[in-house]
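Dear colleague,

Please find below the structure that I am handing over to you. My notes on what was found in it follow directly after.

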Amino acid sequence: MSEIKVKVPELAFIRLRSPDLDEAEAFLTDFGLAKVARTPTALYMRGTDGGHHLHVTELGEPKVVGFGYMARDASDLVALAGKGAVESVDEPGGGKRVRLTDPLGFQIEVLADVALLPPLPVVRPSLNLGAHGAKRQGQQFRVDGGPSQVKRIGHVVVHATDLHRTVSWYRETLGMVGTDDVWAGEPDHVIGSFNRVDRGEAFVDHHVLFVVQQKQNGLNHISFEVQDFDDVMSGHQHLRGLGKYQHSWGIGRHFLGSQIFDYWQDPWGRIHEHWTDSDLLNANHPQGSYPVEIGFASQWGDDAPEAFVSHSSR
């Protein structure tokens, strides 16, 4: 195999299509994103970090269009130029990109020189926890009501009829590396593959992509980091109290990746996850391998409902 030339450092956004931008904006605001731009045909939402946008909704029939990844710099786009043309981005945030198609049929954008924005203000109370001592003194703990504050986008989980082909494409094209395999029956019968970005010695999330072998190709869910555990809980309370969105699973803590999670569906059934407290790994971490009974388990919380496990959006 030739040396991997491109190693994307992070996931940038998801691109969906929805028939009502007002309804999309209402859900995403309730979910904890903030509007950064809107045109007659598209909606752009951001988090509290400086990324220009984490979520794009195009006007049209419901569809999962694809995902955007940041390049290390413009030289990555040149390296990908044989797979797709380098083009200027005529959208809020600007920059340049190469558009590819993954084995699942999703559009994959690799971008450089996208504008950054000032971070949004975040004020969180200090916590008096165990050995970390008394950080909050003379001050009572109060959580404001309302949506979570989404910090950044974290990962996507996809279903694939050909897991090995899909994983190989992401590793060879975007430079991802394996974190953990999940197997059924025998270790060589891999049914799930967790993959992270490769930033060498720098520590990164346990996974940026999880591919699950299924009978259809599709998106299982898209995941966003929120500020802390209380932000997960207050976001859950807010969405539940509205009574108009479908809850899919949670709250719990994953075994692989260790995130505290909560899953909700948008008005067109696309699952969006709140999470906090992921494991962080670097290039020195060895590949893991786990039976499905452990690999798909939670450390606490209810087991995943079958409707969540089999859920795929296209």
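I begin with one pair of strands: β11 and β13 run antiparallel and are joined by 4 bridges. Helices (H or I, at least four residues) and strands (E, at least two) are DSSP runs, numbered from the N terminus. Two strands count as paired if DSSP finds at least two bridges between them.

Before I continue, please note that this is a predicted model, in which local features need pLDDT of at least 70 and side-chain atom pairs count only at pLDDT 80 or more, while totals for chains, interfaces and linings use all residues. Residues are numbered from 1 along each chain as its sequence is written, and side-chain values use heavy atoms, with hydrogens and water left out.

**Strand β13 and its sheet**

Within the β11 pairing, serine 193 has valine 211 of β13 as its bridge partner. β13 is also joined to β9, by 5 bridges, and these two strands run parallel; here histidine 159 is partnered by valine 212 of β13. Of the 5 residues of β13, 4 are buried, where buried means under 20% relative accessible area, exposed over 50%, and partly exposed in between (1.4 Å probe, protein chains only).

β13 belongs to an open sheet of 10 strands with mixed pairing, in the order β19-β10-β11-β13-β9-β14-β17-β16-β15-β20. β19 (288-291) and β20 (298-300) stand at the edges with a single partner strand each, so one side of each has no neighbour in the sheet. On average, neighbouring strands are turned by 25° against each other, direction ignored. Axes are lines fitted to C-alpha atoms, for helices over the stretch in contact, and angles run from 0 to 180 degrees between N-to-C directions.

At the β20 edge, 2 bridges join this strand to β15, and the two run antiparallel. Histidine 254 has serine 298 of β20 as its bridge partner.

**Helices on the sheet**

Helix α4 packs on the sheet, where it touches β14, β15, β16, β17 and β20, and its direction makes about 25° with that of β16. Contact means heavy atoms within 4.5 Å. Helix α3 (residues 163-174) lies across β9, β10, β11 and β13, running at about 10° to β11.

The buried residues of α4 (residues 229-242) include Asp231, Val232, His236 and Leu239. Among the elements that cover the buried residues of α4 are α1 (21-31) and β14 (218-226). At the start of α4, a side-chain oxygen of aspartate 228 comes to within 3.2 Å of the backbone nitrogen of aspartate 230. Just after α4, glycine 243 has a positive phi of about 70°.

**Histidine 272**

Histidine 272 lies in strand β17 and is buried, with a relative accessible area of 0%. Its side chain makes a polar contact (a pair of N or O atoms within 3.5 Å; within protein, one must be able to donate a hydrogen and the other to accept it, and residues adjacent in sequence count only if both atoms are side-chain atoms) with the side chain of histidine 55, at 3.1 Å. The side chain of histidine 272 also reaches the backbone oxygen of arginine 270 at 3.0 Å. Not counting residues up to four places away in sequence, the residues touched by histidine 272 include Leu16, Phe27, Ile222 and Trp264.

**The protein as a whole**

The protein has 6 helices and 20 strands. Buried residues make up 51% of its 314 residues. The C-alpha atoms fill a box of roughly 60 × 50 × 35 Å, taken along the principal axes.

With kind regards

Technical notes
The expected span of a helix is 1.5 Å times one less than its number of residues.
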